[in-house]
Amino acid sequence: MAANKTDPAQRPPAIEIRRLTKDYPLPGGRQRVRAVDDLSLRVHPGQVYGLLGPNGSGKSTTLKALLGLLRPTLGDCLLAGVPGSDPAAHRAIGYLPEAPYFPRFLSGRELLRFHAKLAGVPRAGREERIAALLRRVGLAHAADRRVGAYSKGMLQRVGLAQALVADPPILILDEPTAGVDPGGAADIAALILEQKARGRTVLLCSHLLTQIEEICDRVAILHRGRLLAEGALDELLGRCGRQSLVVENLPPEELAAFEDWLAERGGRLHAVERPAARLDRFFLQTLERAERATEASAVGTGGGAR
Amino acid sequence: MRWLVADPQSWTALARAGVMAGVLATAGLALRPIEAPAWAAQIRQQPALEWRSVEGAMGQGLSLGLLGGFRALAADLLWLRANVSWERNDLAGTAAALQLVGAVDPRPVAFWLNGARMIGYDMPYWRIEALGGEAALPATVVGRVHEEQARVAIAHLRKAFVHHPDDPLLHIEIANFLLQKLGDLAGATEHYRRAAQQPTAPFYAARVHAELLRRQGRDRAAYDWLLAVHPTLPPERENPYAMADTVLARIRELEEKLALAPAERYQPGRK
Amino acid sequence: MSGEPTGALRFSLRRVGVLAEHAFLEAVRQRVFQFTTLLAAVLVAGSLGLRELDFGGAELKFVADFGQGALVLFGSVLTIVTTVQLLGGELENRTVLPVLARPVRRSEFICGKFLGAWAVVLVFCAVVTALLLAALWLRASTLPAPLPEAPNVRVAALPYAGVLAGGVLQAVKFGLLTAMVLLIGSYAQSNLFAQASSFLVLAVCHLQYLARDAWQAGHGWLERLGGGLIGLVFPNFQLFGGEYLTAGADGAALVLVGRVALYGLVYTAVFLSLAVWSFRRREI
């Protein structure tokens, strides 16, 4: 039976971690700390995969082993079928480290140019691509400012731009929205979804569970180096076959009738709750309203003379 | 040491260090034939360090500079120190610095010459001032101080001959001390002779030697000397400082004084 | 997007050049390069002020000694501090992570750091040597001509070719020192350790000849063995002093300069190879 190439799960995995174990020796040599314990997972092409876990759960160690920055004690990691320790595998990836530090003496544009050259981006069109990326991440106004003068949010944005500079098929993002304001985080989430729409594979670590929930297809939860749970988000959260309806002013007696109506049709009312508005949505909506009002008043005062 | 034995990581680190040392030692061995001539040339240019002379100054941070191959610079800095002490009329400081300079780097002749001049021409006056001034001292004491310092200066210059056996300026400097400070006409004469015989001797060394012979009443010796010198001099029109005509005039004076017959007299150009 | 062919990643001089350019730019924009160059220039220019002191014909030697001393002293400091910062600083600040996540071999990374650091020191050597030559020429042009009264008396003027050759030797030595510091930095866990070890190694290399003397004339087998090992493992930095150049850069002296340069370059290649080997095993 031929492989179904349109089904991501049928294609060879973009990222594969096989029984990864990493031990660190403690001073004295007799004891070791196991940072990752027998971890296996697969990320198929076109998926956005979230790696979750508290601090010290082994997420960063897993990413470093994947990138060949450290040697697994056991197991191996493959990127597009090539061992991650082989620099050739890095042709396929763009990486954003956690709390990225970049050379302070370079401007944003110079930083992207450096990474583009390293990645082998052809000279023809290189500068245009860099300029477009800087516009896309909202740093066009600071492109020629030294990175040392960037805020934390700007560092995240330029880090994302350098990860994208070679247009890699696989993105590995470690805490991409750390230190970024909600508006910026929303932009970054939109950018990740753009990459997904283009068929790119994204592996991301984040502490912002609401963000993971919005953009990831599958997640894995790590704790003390062990995989606790892994799977599609809907399956893990038990959302398959369920819908949410938000109604106003439904009296309790009507609610009972509605429940009966559902039962007749094979459905079930699972829970009745008061929906709470999400703060981040409220924040963004408030900002958007304020910006619209500002634009409207500017048009009103300036548009009088025609 | 138990952790070193028990920890495989330590063994790995030790093994790696061993491999590196082995590779470097092999490279060092292989490169010996290439470096050997250069090293031999290097140490030939550096006279042996007189450790006894610098031992007292070791605690002053001199040792590392000397060992590390910075002898020339160390000597330059010591010379600066000597000059600073000289400006302050500090006899002990100047003398100590001059001794160190000579021990650290005996190659520059200028250090020996100028050092001797400080010792022989300046230090007597410092000592006399320290004793109360020339007006307060008997002439014999003043004279003795000058003589003592002149002898110290000559001893200082003699040390330089170990490293500069052919340098005429050292002989000339000794001769001047002998002549001006010690009244040793014979000794000065001999040193001007040695100076004049060196390959890099100034023209005047030969003339002064002849003059000193003449002052000792050794006219014949002066005459024979000038006869040997004059043919080696360039003509006056080529180099007026060689003073060939003046030397010829001296020869004629001596011929008159020695009452030589015309046939015995010097004929320039005839061999 | 990348124009690189698929398949195994071969060692690329292009990538080494990109990394070297990056390292050079970083080093030049740091204060330590500007500061040490300025300090060395001030020392060389300051030696011209020594005209107040009477050194006779040896004055030019004085200026040359000060210049060479500035070159050696500040050049050594610049080499060690710059190289440690370029490698150790990247590791400490973790700016190395996105770089090694690129299709970059660790050998290319180390070679790029080496070339970038050495380029900085070469610029320093060129500037200081040029200043020294200018200072010598300036001073020599104001000195009175040798008296024809003593035409054969040696004038202590320093041959310019000798000074230039001396600058070249120091540049080669600093390249070797760069490679040695990279080897130390490839396994050092802190910048402080790397710098301290590097300065210690510098001192050992300057005193290496004592170890060789101990091997030949030492008392006891331990002293001789230790001396022999040190004498073999560490290069002899005193070779680069170029004492044989004081009389001039004649043919024989230039042959010796060539030998020493070859010695330095071969040792540099060995240390660099060991640095690559060591860094390949390092976990970031």
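**Exercise 1. Find what the buried residues of α5(A) pack against, and decide whether they line one face of the helix.**

Solution. Let's start with the neighbours: the buried residues of α5(A) pack against β3 (48-52), α4 (152-164), β7 (170-174), β8 (201-205) and α6 (209-215) of chain A. Keep in mind that this is a predicted model.

Step 1. Name the buried residues. They are A:Ala185, A:Ile188, A:Ile192 and A:Gln195.

Step 2. Look down the helix axis. The buried residues of α5(A) fall within an arc of 75 degrees, so they line one face. A general rule helps here: an α-helix has 3.6 residues a turn, so residues three or four places apart point the same way.

Step 3. Turn to the other side of α5(A). There, A:Ala190, A:Glu194 and A:Ala197 are exposed.

**Exercise 2. Check the length of helix α5 (residues 182-197) of chain A against the span expected at 1.5 Å a residue.**

Solution.

Step 1. Helix α5(A) has 16 residues. The expected span is 1.5 Å times one less than the number of residues, so these residues should span 22 Å.

Step 2. Compare this with the model: the end C-alpha atoms of α5(A) are 22 Å apart, which agrees.

Step 3. Now look just past the helix, where A:Gly199 takes a positive phi of about 90 degrees.

**Exercise 3. Work out the strand order of the four-stranded open sheet in chain A, and say which strands are at its edges.**

Solution.

Step 1. The order is β2-β1-β4-β5, and the pairing is antiparallel.

Step 2. An edge strand pairs on one side only, and here β2 (32-43) and β5 (82-83) of chain A do that.

Step 3. Zoom in on one edge. Strand β4 (residues 74-79) of chain A pairs with β5(A) over two bridges, and A:Leu79 has A:Val82 in β5(A) as its bridge partner.

Step 4. Add a helix to the picture. Helix α1 (residues 59-66) of chain A lies across β1 (15-25), β2 and β4 of that chain, at about 115 degrees to β1(A).

**Exercise 4. Find the residues with the most contacts inside the largest nonpolar core, then explore around C:Ala275.**

Solution.

Step 1. The largest nonpolar core has 158 residues. Those with the most contacts inside it are A:Val158, A:Ala161, A:Val165, C:Val128, C:Phe271 and C:Ala275.

Step 2. Leaving out residues up to four places away in sequence, C:Ala275 touches C:Ile110, C:Ala179, C:Leu182, C:Leu183 and C:Ser186.

Step 3. Apart from the largest core lies another, of 58 residues, including B:Ala82 and B:Leu170.

How values were computed:
Residues numbered from 1 in each chain as written. Chains lettered and ligands numbered in written order. Predicted model: local features only at pLDDT ≥ 70, side-chain atom pairs only at ≥ 80, totals over all residues. Pairing = 2+ DSSP bridges. Contact = placed C-beta atoms within 7 Å. Axes fitted to C-alpha atoms, helices over the stretch in contact; angles between N-to-C directions. Buried ≥ 20, exposed ≤ 12 C-beta atoms within 10 Å, placed from the backbone. Arc of directions from axis to C-beta. Core = buried A, V, L, I, M, F, W, Y, C linked by C-beta atoms within 7 Å.
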